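Please open the model in your viewer, show it as a ribbon, and keep the sequence panel beside it. The stops below go from the whole chain to single residues, each with a selection to make and a note on what is found there.

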Amino acid sequence: MRVWFVDSGLLANAMADGVLTLPELEALNPRKGVASRYEEYNKPRSEEDYLLVIESEGTIPGTNQRFEYKVISRTKSRQDVELRIW
């Protein structure tokens, strides 16, 4: 699975008009990785009470770096995100 990493501030600016095109995303110079493992668990309960867990790991071929990404979202206002690139 392809995974792209971009600066969150730059991404927010690009999305400010409510539209994000592929050329706009490419212009942010993303680090392009390939996940060798991707798992997603989604347990919806209500609009404000749910559980989403995403875990992935892989490599960034252009630099031979490895990455691990994990997000746990329990409500729309609470998300724990971890990203390691080495």
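Two strands are taken to pair if DSSP finds at least two bridges between them, and the elements themselves are DSSP runs, with helices being H or I over at least four residues and strands being E over at least two, numbered from the N terminus. This is a predicted model, in which local features need pLDDT of at least 70 and side-chain atom pairs count only at pLDDT 80 or more, while totals for chains, interfaces and linings use all residues. Residues are numbered from 1 along each chain as its sequence is written, and side-chain values use heavy atoms, with hydrogens and water left out.

**The whole chain**

Begin with everything selected and colour by secondary structure: the chain holds two helices and five strands, and from the N terminus on these elements follow in the order β-α-α-β-β-β-β. The C-alpha trace spans about 40 × 35 × 20 Å along its principal axes. If you then switch on a surface, about 6200 Å² of the chain is exposed, with carbon and sulfur atoms supplying 51% of that area; accessible areas come from the Shrake-Rupley method with a 1.4 Å probe, and for residues only the protein chains shown count as cover.

Of the 86 residues, 22% count as buried, where buried means under 20% relative accessible area, exposed means over 50%, and partly exposed lies in between, with a 1.4 Å probe and protein chains only. Contact means heavy atoms within 4.5 Å, and among the contacts with a separation of 6 or more, 32% come from residues 24 or more positions apart.

**The sheet**

Now select the strands alone. The five of them form an open sheet in the order 1-2-3-4-5, with antiparallel pairing. At its edges are strand 1 (2–5) and strand 5 (78–85), each of which pairs on one side only. From one strand to the next the twist averages 25 degrees, an angle between N-to-C directions on a scale from 0 to 180 degrees, with axes taken as lines fitted to C-alpha atoms.

Where should you look for the bridge partner of R2 in strand 2? Select residues 31–44, which make up strand 2 and pair with strand 1 in the antiparallel sense over four bridges; the partner of R2 there is V34.

Next take residues 50–60 and 65–75 together, which are strand 3 and strand 4, running antiparallel and joined by nine bridges. Within these strands, I54 stands opposite V71 of strand 4. Moving on from strand 4 to strand 5, you will find eight bridges between these antiparallel strands, with T75 standing opposite R78 of strand 5. The hairpin that strand 4 and strand 5 form has two residues between them, whereas the hairpin of strand 3 and strand 4 has four.

**Two asparagines with positive phi**

Select N64, which lies in the loop between strand 3 and strand 4 and has a positive phi of about 60 degrees although it is not a glycine. Is N64 buried or exposed? Its relative accessibility is 68%, so N64 counts as exposed.

Then select N29, in the loop between helix 2 (22–27) and strand 2. The phi of N29 is also positive, near 55 degrees, in a residue other than glycine, and N29 counts as exposed because its relative accessibility is 65%.

**Two buried residues in the strands**

For the next selection, go to I72 in strand 4, which counts as buried because its relative accessibility is 18%. The bridge partner of I72 in strand 5 is D80. Leaving aside neighbours within four places in sequence, I72 is in contact with L51, L52, V53, R78, Q79 and D80. A distance label from I72 to E55, C-alpha to C-alpha, should read 8.8 Å, for two residues 17 apart in sequence.

Finish at A35 in strand 2, which is buried, with a relative accessible area of 9%. Which residues does A35 touch, not counting those up to four places away in sequence? They are M1, V3, S56, E57, G58 and F67. As a last label, join the C-alpha atoms of A35 and R66, which are 31 residues apart along the chain and separated by 9.5 Å.
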